[in-house]
Amino acid sequence: MNMQDISTIIDLHFEEMTELEQVIARYFLQVDTIHDDLSSQQVTRKLHISQAALTRFAKKCGFTGYREFIFKYQHQKNTLSLPQEDISPLTQRVLRSYTNLRETSQELIDQEQLERVAQMIEDSERVYFFGTGSSGLVAREMKFRFMRLGVVCEALTDPDGFAWTTSILDKNCLVLGFSLSGTTTSVIDSLLDAKDMGAKTVLFTSAMNKETPVFTETVLVASQNQASYIQRISAQFPMLLITDLLYAYFLEIDRENKEKIFNSYWENKKLNGYRRNQRKGKP
């Protein structure tokens with residue numbers, strides 16, 4: 001088992017548990033449970049369950065049995081837990097979902113790859129961000145952030161925009177596509193078109209297999225295990241987390257100059273606002 005928090009582990013497997021196993025899970029997710037007698041005999045008596053059900057629950061969480069589960073549970077709860085009496089179980093579950101995605105993202109981070117992609121952005125004359133749906137929101141966010149650092153860039157969020165853009169690409173361009181599923185046809189096909197035009201291409205996805213096309217770089221991001229219709233946190237979060245890291249690596253390339261560009265951007269924005277107010281007769 002890795003070093004994930006025990007509550008995060010329980011919550012990660014919660015949706016795949018049976019109704020009885022979820023009863024056991026809720027018991028161990030309660031704050032005060034750590035103070036109970038947690039021997040298997042006492043727990044089965046308290047929850048009116050069988051020893052076999054307790055064992056199945058522990059195995060569903062990835063442990064060899066209840067003994068291994070309770071050892072980790074008691075160790076972490078006694079050494080790492082913070083007072084949470086005022087935090088509702090639902091709030092805790094949402095926060096644990098964020099914690100789990102952060103931990104999973106940390107395991108996927110390839111620092112050398114992020115440095116390479118950051119340098120590609122630095123070296124490209126024009127940069128394009130492709131995404132649809134929630135990934136389109138990530139594309140727009142990336143455009144606004146990198147634009148403020150002097151990158152000539154644009155965000156496209158529909159197939160017509162992808163088609164028009166790929167027709168004007170060349171070897172001096174870079175296209176970054178966002179598709180959590182890795183199967184968004186419009187994004188994948190447009191990246192392939194961009195590749196054919198000589199542009200460098202980067203795919204951000206949580207799903208890569210032998211059928212995934214080969215691009216200049218494919219950056220893996222964390223995925224949520226719950227079905228999309230019951231996700232408690234935004235599907236954009238894992239994408240934004242990894243792109244924030246990319247932004248940080250890019251910023252470190254000639255940071256002094258980028259800070260000057262960033263400050264100049266805000267100064268010009270304030271000046272333009274002042275001029276508009278002057279034209280309208282406002283002070």
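Student: In this predicted model, which residue of strand 4 is the bridge partner of Gly177?

Tutor: Leu203 is the bridge partner of Gly177 in strand 4. Another such position is Val175, which stands opposite Thr201.

Student: What makes strand 3 and strand 4 a pair?

Tutor: Two strands pair if DSSP finds at least two bridges between them. Strand 3 and strand 4 (residues 200-205) have five bridges, in the parallel sense, so they count as paired. The chain goes from strand 3 to strand 4 by way of helix 10, a β-α-β crossover that is right-handed.

Student: What makes strand 1 and strand 3 a pair?

Tutor: The cut-off is again at least two bridges. Strand 1 and strand 3 pair over six bridges, in the parallel sense, so the condition is met. One of the residues involved is Arg126, whose bridge partner in strand 3 is Cys173.

Student: Why do strand 2 and strand 5 count as edges of the sheet?

Tutor: The sheet is open and has five strands in the order 2-1-3-4-5, with parallel pairing. Strand 2 and strand 5 (217-220) each have a single partner strand, so one side of each has no neighbour in the sheet. On average, neighbouring strands of this sheet are turned by 15 degrees against each other, direction ignored.

Student: Why is Leu176 called buried?

Tutor: Buried means under 20% relative accessible area. Leu176 has 0%, so it is buried. Leu176 lies in strand 3 (residues 173-178). Apart from neighbours within four places in sequence, its contacts include Val117, Ile121, Phe129, Val202 and Leu246.

Student: How far apart are Leu176 and Thr201 in sequence and in space?

Tutor: They are 25 residues apart in sequence and 5.9 Å apart in space, C-alpha to C-alpha.

Student: How do you know that both faces of strand 3 are covered?

Tutor: In a regular strand, side chains alternate between the two faces of the sheet. Cys173, Val175 and Gly177 on one side are buried, and so are Leu174, Leu176 and Phe178 on the other. Six of the six residues of strand 3 are buried, so the strand is largely enclosed by the rest of the structure. Helix 10 lies across strand 1, strand 3 and strand 4, and runs at about 160 degrees to strand 4.

Student: Which residues of helix 9 are buried, and how do you know that they are on the same side?

Tutor: In helix 9 (residues 159-166), the buried residues are Gly161, Phe162, Thr165 and Thr166. They cover an arc of only 125 degrees around the axis, and therefore lie on the same side of helix 9. Asp160 and Trp164 are exposed on the other side. The buried residues pack against strand 1 (126-131), strand 2 (153-156) and helix 10 (185-196).

Student: What caps the N-terminal end of helix 9?

Tutor: Asp158 does, with a side-chain oxygen 3.1 Å from the backbone nitrogen of Asp160.

Student: Why is His48 called exposed and Asp254 partly exposed?

Tutor: Exposed means over 50% relative accessible area, and partly exposed lies between 20% and 50%. His48 has 73%, so it is exposed. Asp254 has 45%, so it counts as partly exposed.

Student: Where do His48 and Asp254 lie, and what is the phi of each?

Tutor: His48 is in the loop between helix 3 (40-47) and helix 4 (51-60), with phi near 60 degrees, a positive value in a residue other than glycine. Asp254 is in the loop between helix 11 (237-251) and helix 12 (255-279). Its phi is near 55 degrees, also positive in a residue other than glycine.

Terms used: Residues numbered from 1 in each chain as written. Predicted model: local features only at pLDDT ≥ 70, side-chain atom pairs only at ≥ 80, totals over all residues. Heavy atoms only, no water. Buried < 20%, exposed > 50% of the residue type's maximum accessible area, 1.4 Å probe, protein only. Helix = DSSP H or I, 4+ residues; strand = E, 2+ residues; numbered from the N terminus. Arc of directions from axis to C-beta. Contact = heavy atoms within 4.5 Å. Polar contact = N/O pair within 3.5 Å; in protein donor to acceptor, adjacent residues only side chain to side chain. Right-handed = clockwise from strand over helix to strand, strands pointing away. Axes fitted to C-alpha atoms, helices over the stretch in contact; angles between N-to-C directions.
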